[in-house]
Amino acid sequence: MTRPVPPRVTSLPPWKALVAQCRMIEHRSLRSLFAEEPERGRMMAAEGAGLYLDYSKNLVTGETLRLLLELARECRLSDHIAAMFRGEHINRTENRAVLHVALRMPADRSLVVDGVDVVREVHEVLDRMETFSRKVREGSWKGATGKAVKNVINIGIGGSDLGPVMAYEALRSYSDRSRTFRFVSNIDGTDFVEATRDLDPEETLFIISSKTFTTLETMTNARSAREWLLSRVGSNEAVRHHFVAVSTNADEVRKFGIDTDNMFGFWDWVGGRYSMDSAIGLSTMLAIGPEGFREMLAGFYAMDEHFRTAPFEKNLPVLMGLLVVWYTNFMGSQTIAVLPYDQYLKRFPAYLQQLTMESNGKHVHLDGSPVDTTTGPIYWGEPGTNGQHSFYQLIHQGTRLIPIDFIGFARPRNPLGSHHDILMANLFAQGEALAFGKTAEEVRAAGVPDFQVPHRTFEGNRPSNTILADQLSPRTLGSLVALYEHSVFTQGIIWGIDSFDQWGVELGKVMAVRIIDELSGKKTEAPPHDVSTAELIRRYQAMKEGG
């Protein structure tokens, strides 16, 4: 069953009313809004799945929020949420269900899609992952020469890399410190060479993560890994002891030399950027243990249930998604900054870049017609407080409106003197300073010379959300990732686009294969390149031969 295409969002009455709201908000300030609503900081807040969201420092009034929520209802967001959780084929261009939510459903749940209980299949794979992980962690899985595994290298790209890397870095304090975990994704040989240069191949396990087992970058790196191993260990049989696969293509896995008993599958209803809690997370389970991995899944599930059941007025992903729509389509913002005040989340913004921009970087509606409004803002960020000494100047006093998500935790994983209080003081101070700024009068009252006053005046009105949790843990990480997954979904429904295909990554990859043939001297019947590309190829070949 497919869902009917909704009307164009720009034709809906709430959209038109929001256009008028935007004109009104342009003449308001967060100072005045807080003055008029003394309880705003408590009223504009919501909680769910262990996360607390303060969205009071946004350039919205109660009426703005009412209209945004009405817009969600007019776009039948509730129906679309229910359709996803039922397993309907909401990825229309690929005619697939979108069921990353099934990856974290408890074993006692059942969800039958196309005649198959997908929850049962998910837990069968999870159980196999757990058995394998325990063997590696306990030392009973041996390499070809009888040595236990001390090094784990995940080879993948896109969601098969960004999710595992982010999760490992985020949960490093929970990981098995007796082992080295590394991640190879870039086709640049430097990535592989640097990842392996100080490792003993006899103690190294490779996880090759590729759904099709044909992805160019992943399989090129996988073949280099096999050559690296065999040049030092010898027998082709060593591959069976040092390689496992996360894939659905048993034939290609077998051809590579990996025992298909050591292949962990997933499904076409799992998009790469939504796969970190599937078998793609095998490296995560090896690092933090099966119990920690299941705790992470519990955090995902808690946010799934919150998204599915909470009223929109208190629904964290819905509120965050609608605020993105507000800034992108009405306030002219082009980017969203995600600023985690936790060093362990240093890769979280990079992870979100794929999740958000591959999902909603679309220029046509579900029916193939051109979109009539902006979609898919640019996500970026760095951990605090580092960013404060880098790009915060532009956010505070630049000419661009950049909404921000601050992320912080009440308790650190590594208590050290007053470090954490100083860190969190900076988070709170930045949100306050961005929202309320500093007027020229306040600057003068501080004794600043007149010529410096314009330079030291802060307009304020820079909006932000603040997300607080108790402590960064596997469960909290699951909730946090699911929060952004469902915010992306909400945005896509409002814009009427397919958030779950990614055709935009294909064209360059296809053309690259053709150019690879040309660079290797093979004849090709393909049409000629444009003059710029042809000249670049000629110069590259000349420089390579001359070097």
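This report describes the packing, aromatic pairs, salt bridges and one surface patch of a predicted model.

## The nonpolar cores

The largest nonpolar core holds 124 residues, and among its members Trp 269, Trp 326, Phe 348, Leu 477 and Tyr 484 are the ones that touch the most other members. Helix α12, which spans residues 282-309, gives the most to this core, contributing 12 residues. A second core of 23 residues is separate from this one, and Ile 153, Leu 199, Phe 206 and Trp 228 are included in it.

The surroundings of Trp 326 can be listed in some detail: when residues up to four places away in sequence are not counted, Trp 326 touches Leu 18, Gln 21, Cys 22, Ile 25, Leu 59, Val 60, Thr 64, Leu 68 and Met 331.

## Helix α5 and its neighbours

Helix α5 covers residues 77-86, and its buried residues are Leu 77, His 80, Ile 81, Ala 83, Met 84 and Phe 85. These buried residues of α5 pack against four helices, namely α4 (62-74), α12, α13 (316-329) and α18 (474-495). Just after α5 comes Gly 87, which takes a positive phi of about 90°.

## Aromatic pairs

The structure holds 22 aromatic pairs. In one of them, the ring centres of Phe 132 and Trp 141 are 4.9 Å apart and the ring planes stand at 80°, so this pair is edge-to-face. Phe 132 and Trp 141 are both buried. In another, the rings of Trp 267 and Trp 269 have centres 4.9 Å apart, but with their planes at 0°, so this pair is stacked. Trp 267 and Trp 269 are likewise both buried, and Trp 269 has already been named among the residues that touch the most other members of the largest nonpolar core.

Beyond these pairs, one aromatic cluster is formed by Phe 192, Phe 206, Phe 213, Trp 228, Phe 243 and Phe 256. Two residues of this cluster, Phe 206 and Trp 228, are also included in the second nonpolar core.

## Salt bridges across the chain

Side chains of opposite charge can pair when their charged atoms come close. In this structure the count comes to 42 salt bridges. One of them joins Glu 442 to Arg 31, with the closest N and O atoms 3.0 Å apart. This pair links distant parts of the chain, since Glu 442 is in helix α17 (residues 440-445) and Arg 31 is in helix α2 (residues 30-36), 411 residues apart. Both partners are partly exposed, Glu 442 with a relative accessible area of 33% and Arg 31 with one of 34%.

Another salt bridge is made where the side chains of Lys 147 and Glu 202 meet, at 3.7 Å from N to O. Lys 147 lies in the loop between α6 and β5 (151-155), while Glu 202 lies in the loop between α8 (189-196) and β7 (204-209), so the pair ties together parts that are 55 residues apart in sequence. Lys 147 is partly exposed at a relative accessible area of 32%, and Glu 202 is partly exposed at 23%.

## A mixed pair and a network

Arg 240 and Asp 259 also form a salt bridge, in which the closest N and O atoms are 3.1 Å apart. Because Arg 240 lies in helix α10 (residues 238-242) and Asp 259 in the loop between α11 (250-256) and β9 (263-264), this pair ties together parts that are 19 residues apart in sequence. Arg 240 counts as partly exposed at 36% relative accessibility, whereas Asp 259, at 19%, counts as buried.

Salt bridges that share partners join Asp 127, Glu 130, Arg 134, Glu 291 and Arg 294 into one network. Within this network, Glu 130 has its place in helix α6 (residues 118-138) and is buried, with a relative accessible area of 19%. Leaving aside neighbours within four places in sequence, Glu 130 is in contact with Met 285, Pro 290 and Arg 294.

## A nonpolar patch on the surface

On the surface, Leu 216, Val 513 and Ile 516 form a nonpolar patch, and together they have about 230 Å² of accessible area. Ile 516 is placed in helix α19, which covers residues 506-519, and is partly exposed, with a relative accessible area of 41%.

Conventions. Residues are numbered from 1 along each chain as its sequence is written. This is a predicted model: local features need pLDDT of at least 70, side-chain atom pairs count only at pLDDT 80 or more; totals for chains, interfaces and linings use all residues. Side-chain values use heavy atoms; hydrogens and water are left out. Patches are made of residues with over 30% relative accessible area and no salt bridge: like charges are joined within 9 Å, nonpolar side chains (Val, Leu, Ile, Met, Phe, Trp, Tyr) within 5 Å. Accessible areas come from the Shrake-Rupley method with a 1.4 Å probe; for residues, only the protein chains shown count as cover. A salt bridge is a side-chain nitrogen of Lys or Arg within 4 Å of a carboxyl oxygen of Asp or Glu. Helices (H or I, at least four residues) and strands (E, at least two) are DSSP runs, numbered from the N terminus. Buried means under 20% relative accessible area, exposed over 50%, partly exposed in between (1.4 Å probe, protein chains only). A nonpolar core is a set of buried Ala, Val, Leu, Ile, Met, Phe, Trp, Tyr and Cys residues joined through side-chain atoms within 4.5 Å. Contact means heavy atoms within 4.5 Å. Rings of Phe, Tyr and Trp (its six-membered ring) pair if their centres lie within 6.5 Å; planes under 30 degrees apart count as stacked, over 60 as edge-to-face and the rest as tilted.
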